[in-house]
Amino acid sequence: MTMNSFILLGLFLGSALGQECENNQESFGAFCYQWSILADGVHNFWEARQQCLNAGGDLASVGTIEEYNFLAETHYVEAHWLGGTAERAQNGTYHWLDGTPWNASVAQAAWGDGQPSGGNQHCTAWWQSEIGKWDDKNCDTYYAGYLCKFPKRDACTCADNESRFCDRDYTCTSYRACESGQTITVSCPPGRKLDADNNCVDPVTLGPPCNWNPNCTGVANGNYPSDLDYCRTYYTCAGGSLTAMATCPDQERGEEQTFDPSVGYCRPAVEVCAPCGRPEERPPTDPPCQA
Ligand SMILES: [Ca+2]
């Protein structure tokens, strides 16, 4: 593909660039952090994450003791989601959604009194009951607070007549470069994302993390597993458009629930094939799980 194949929107001089973190963000190390409270319309864990992704970051990970100490000091009274989750596909082992390695020493220092309490609680939050500590919560708990984390962006300062690539944003929708000594930002048109060569392409052709937007174009009506959490969240396509995104209930009638891609809805994990389910009691009417 050539650059002529694309309509490049948003080409403008980046006069406001060069600031490491926004005014409403905290700065620590290579990252900016934003504590947010939204009064309505939010948030279970996945909706909170979507807010961060939309803003060009992710729900916060905490990789080191130093980072934890910094964030614990800036945490104030309110619960805030952060990006640790223990998906069933990983046998309940905690991990950070942004790929930061889970640090057991940090977690030991961070969990609040009696946490993680486990059970149907698979998502992490800053705890309103013990400021600066973590609680594991049911991922569908309503919290208005969430903590987003953004990689710092270089100033992208351009020398005279310099032409070079600077960086691309976390959502794979724009990049910055020096062109003839000036900073430019190139944004993809709606629905397109940057590939490895910074060409704007249909995101369905890309691997994660750039392709998390469900693409329903030409897709049959139904429910499909989400890249965000293959076993828990799913999206709905109808008439070629994305119409809904939902999370399986942790439990229903006492049964642990997971999304079953073979049927397109949530059902007890014991009836679903691996990796989401534990198919010991899969009904004989269902096709057998593949070995
Ligand atoms: Ca808990």
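Is N161 buried or exposed? In this predicted model, N161 is exposed, because a count of 10 other C-beta atoms within 10 Å falls inside the limit of 12 or fewer that defines exposure. The residue sits in the loop between strand 9 and strand 10, the latter spanning 164-168, and its phi is near 60°, a positive value in a residue other than glycine. The sign deserves attention, since most residues other than glycine have a negative phi, and most peptide bonds are trans.

With that one residue placed, the overall layout can be set out. The protein has three helices and 20 strands, and buried residues make up 28% of its 291 residues. If attention is restricted to contacts with a separation of 6 or more, 47% of them are accounted for by residues 24 or more positions apart.

The largest nonpolar core has 27 residues, and the members that touch the most other members are L59, W81, L82, A125, Y146 and L147. Two or more residues of this core come from each of strand 3 (31-37), helix 1 (45-54), strand 5 (80-85), helix 3 (104-110), strand 7 (123-126) and strand 9 (145-151). Apart from this core lies another, of ten residues, among them Y234, C266, V272 and C276. To see how one member of the largest core is surrounded, one may take L147, which, when residues up to four places away in sequence are not counted, touches Y33, W35, L59, A60, H80, W81, L82 and W126.

Helix 1 has as its buried residues F45, W46, A48, R49 and C52. These residues lie on the same side of helix 1, because they cover an arc of only 155° around the axis. Following helix 1 comes G56, whose phi is positive, near 95°.

A loop residue, Y143, can be linked to the same helix. Y143 lies between strand 8 (134-137) and strand 9, and this loop residue is buried because 22 other C-beta atoms lie within 10 Å, where 20 or more are required. Leaving aside residues up to four places away in sequence, Y143 touches H43, A48, A79, W81 and A125; of these, A48 is among the buried residues of helix 1, while W81 and A125 are among the members of the largest core that touch the most other members. Y143 and H43 are 100 residues apart in sequence, yet their C-alpha atoms are 5.3 Å apart in space.

Further along the chain, strand 11 (residues 174-179) and strand 12 (residues 182-187) pair in the antiparallel sense over six bridges, and within this pairing R176 stands opposite T185 in strand 12. The two strands form a hairpin with two residues between them. S180, which lies in the loop between strand 11 and strand 12, has a positive phi of about 50° although it is not a glycine. S180 is exposed, because it has 10 other C-beta atoms within 10 Å and the limit is 12 or fewer.

The backbone also contains cis peptide bonds, two of which are described here. The bond from Q115 to P116 is cis, with omega near 0°, and P116 lies in the loop between helix 3 and strand 7. A cis peptide bond also joins A274 and P275, with omega about 5°, and P275 is found in the segment after strand 20 (265-268).

Notes
Residues are numbered from 1 along each chain as its sequence is written. This is a predicted model: local features need pLDDT of at least 70, side-chain atom pairs count only at pLDDT 80 or more; totals for chains, interfaces and linings use all residues. A nonpolar core is a set of buried Ala, Val, Leu, Ile, Met, Phe, Trp, Tyr and Cys residues joined through C-beta atoms within 7 Å. Helices (H or I, at least four residues) and strands (E, at least two) are DSSP runs, numbered from the N terminus. Two residues are in contact if their C-beta atoms, placed from the backbone, lie within 7 Å. Two strands pair if DSSP finds at least two bridges between them. The arc is that of the directions from the helix axis to the C-beta atoms.
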